[in-house]
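Me: I would like a close look at a single part of this protein. Please keep the sentences short and work outward from that part.

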Amino acid sequence: MKKLLLIFCLLATAHSFVFADAIAINHFVVKENPFGTDQVAIVATDSAGVTQENVNGNFTFVMNGFENQLKFEKGVAFYRQKINRSTFLYAKHMNETGTHANLYYIYKHDSKLSPWHISWVLLVAIPLVLVLLAYMFKRFIIIAVIIFLIFLYFNYHNNLSIPTFFESIIDGLKNML
């Protein structure tokens with residue numbers, strides 16, 4: 001009888017492990033780290049923006065091209081790299097459901113960081129508007145070229161390279177489909 005009870009308990013335990021739900025991060029946001037100066041936190045959220053407190057453990061993120069293991073506790077992980085000046089931060093996470101990436105502009109003012117999400121639509125719209133205006137107004141061509149060069153310099157100066165620029169647009173298009 002004891003052996004039968006032991007086998008039943010083992011099967012019940014094994015059955016609970018078989019149906020365990022895998023934790024995946026499909027949405028995340030970047031926020032200022034309240035516990036560290038000049039650092040940001042990655043918060044795992046659902047599609048409505050509510051923090052997923054059941055996310056715990058180590059997850060791999062690629063931040064501006066560098067792979068990092070971030071330890072999540074109650075849905076929050078701290079990115080330990082110091083941010084010395086305003087910069088772009090391209091955060092990407094890959095799991096079974098696909099690649100999830102966000103582009104943020106981290107604006108540093110006083111001793112605070114303000115992350116602003118940059119949509120891929122905005123990255124496409126700015127150059128297209130400049131080209132459209134230059135096409136419509138022939139006198140605007142020189143000014144449009146100057147504004148476009150300033151746009152490229154601003155992106156380059158704040159760590160948004162051309163490959164990252166196009167990668168964020170392509171990821172946005174993939175997520176749209």
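The part I have in mind is one helix, together with what surrounds it.
It is helix H3, residues 141-157. Which residues form a nonpolar patch on the surface? How are the rings of Tyr105 and Phe154 placed, and why is the pair called tilted? Is Asn155 buried or exposed, and what does Asn155 touch?

Reply: First, the setting. This is a predicted model. The protein has 177 residues, and 33% of them are buried. It holds four helices and eight strands. Along the sequence they run α-β-β-β-β-β-β-β-β-α-α-α. The accessible surface comes to about 12,100 Å². Carbon and sulfur atoms account for 66% of that surface. Take the contacts between residues at least 6 apart in sequence: 48% of them join residues at least 24 apart.

Now helix H3, starting with Ile141. Ile141 belongs to helix H3, which covers residues 141-157. Its relative accessible area is 39%. The buried class ends at 20% and the exposed class starts over 50%, so a value in between is called partly exposed. Ile141 is therefore partly exposed. Ile141 also belongs to a nonpolar surface patch. The other members are Ile142, Val145, Ile146, Leu149 and Ile150. Together the six side chains' residues offer about 570 Å² of accessible area.

Next, the aromatic side of the story. Rings count as a pair if their centres lie within 6.5 Å. By this rule there are twelve aromatic pairs. One of them joins Tyr105 and Phe154, with ring centres 5.7 Å apart. Their planes meet at 45°. Stacked needs under 30 degrees and edge-to-face needs over 60, so anything else is tilted. The Tyr105 and Phe154 pair is therefore tilted. Phe154 lies in helix H3, while Tyr105 lies in strand S7, residues 98-109. The pair thus ties together parts that are 49 residues apart in sequence.

The two partners differ in cover. Tyr105 is buried, at 10% relative accessibility. Phe154 is partly exposed, at 37%. Both rings belong to one aromatic cluster. Phe88, Tyr107 and Trp116 complete that cluster.

Then Asn155. Asn155 sits in helix H3 too. Its relative accessible area is 5%, so Asn155 is buried. Leaving out residues up to four places away in sequence, Asn155 touches Phe88, Leu160 and Phe165. Phe88 is thus a contact of Asn155 and a member of the aromatic cluster with Phe154.

A few sites outside the helix help for comparison. Asn33 is another buried asparagine, at 3% relative accessibility. Asn33 lies in the loop between strand S1 (27-32) and strand S2 (40-45). With the sequence neighbours again left out, Asn33 touches Gln39, Val40, Ala41, Phe78 and Arg80. Asn175 is partly exposed instead, at 48%. Asn175 is in helix H4, residues 162-176. Asn175 and Thr99 are 76 residues apart in sequence, yet their C-alpha atoms are 8.6 Å apart in space. Finally, a charge over a ring: the charged end of Lys138 sits over the ring of Tyr135, 4.7 Å from its centre.

How values were computed:
Residues are numbered from 1 along each chain as its sequence is written. This is a predicted model: local features need pLDDT of at least 70, side-chain atom pairs count only at pLDDT 80 or more; totals for chains, interfaces and linings use all residues. Side-chain values use heavy atoms; hydrogens and water are left out. Patches are made of residues with over 30% relative accessible area and no salt bridge: like charges are joined within 9 Å, nonpolar side chains (Val, Leu, Ile, Met, Phe, Trp, Tyr) within 5 Å. Accessible areas come from the Shrake-Rupley method with a 1.4 Å probe; for residues, only the protein chains shown count as cover. A salt bridge is a side-chain nitrogen of Lys or Arg within 4 Å of a carboxyl oxygen of Asp or Glu. Helices (H or I, at least four residues) and strands (E, at least two) are DSSP runs, numbered from the N terminus. Buried means under 20% relative accessible area, exposed over 50%, partly exposed in between (1.4 Å probe, protein chains only). Rings of Phe, Tyr and Trp (its six-membered ring) pair if their centres lie within 6.5 Å; planes under 30 degrees apart count as stacked, over 60 as edge-to-face and the rest as tilted. A charge sits over a ring if NZ of Lys or CZ of Arg is within 6 Å of the ring centre and within 35 degrees of the ring normal. Contact means heavy atoms within 4.5 Å.
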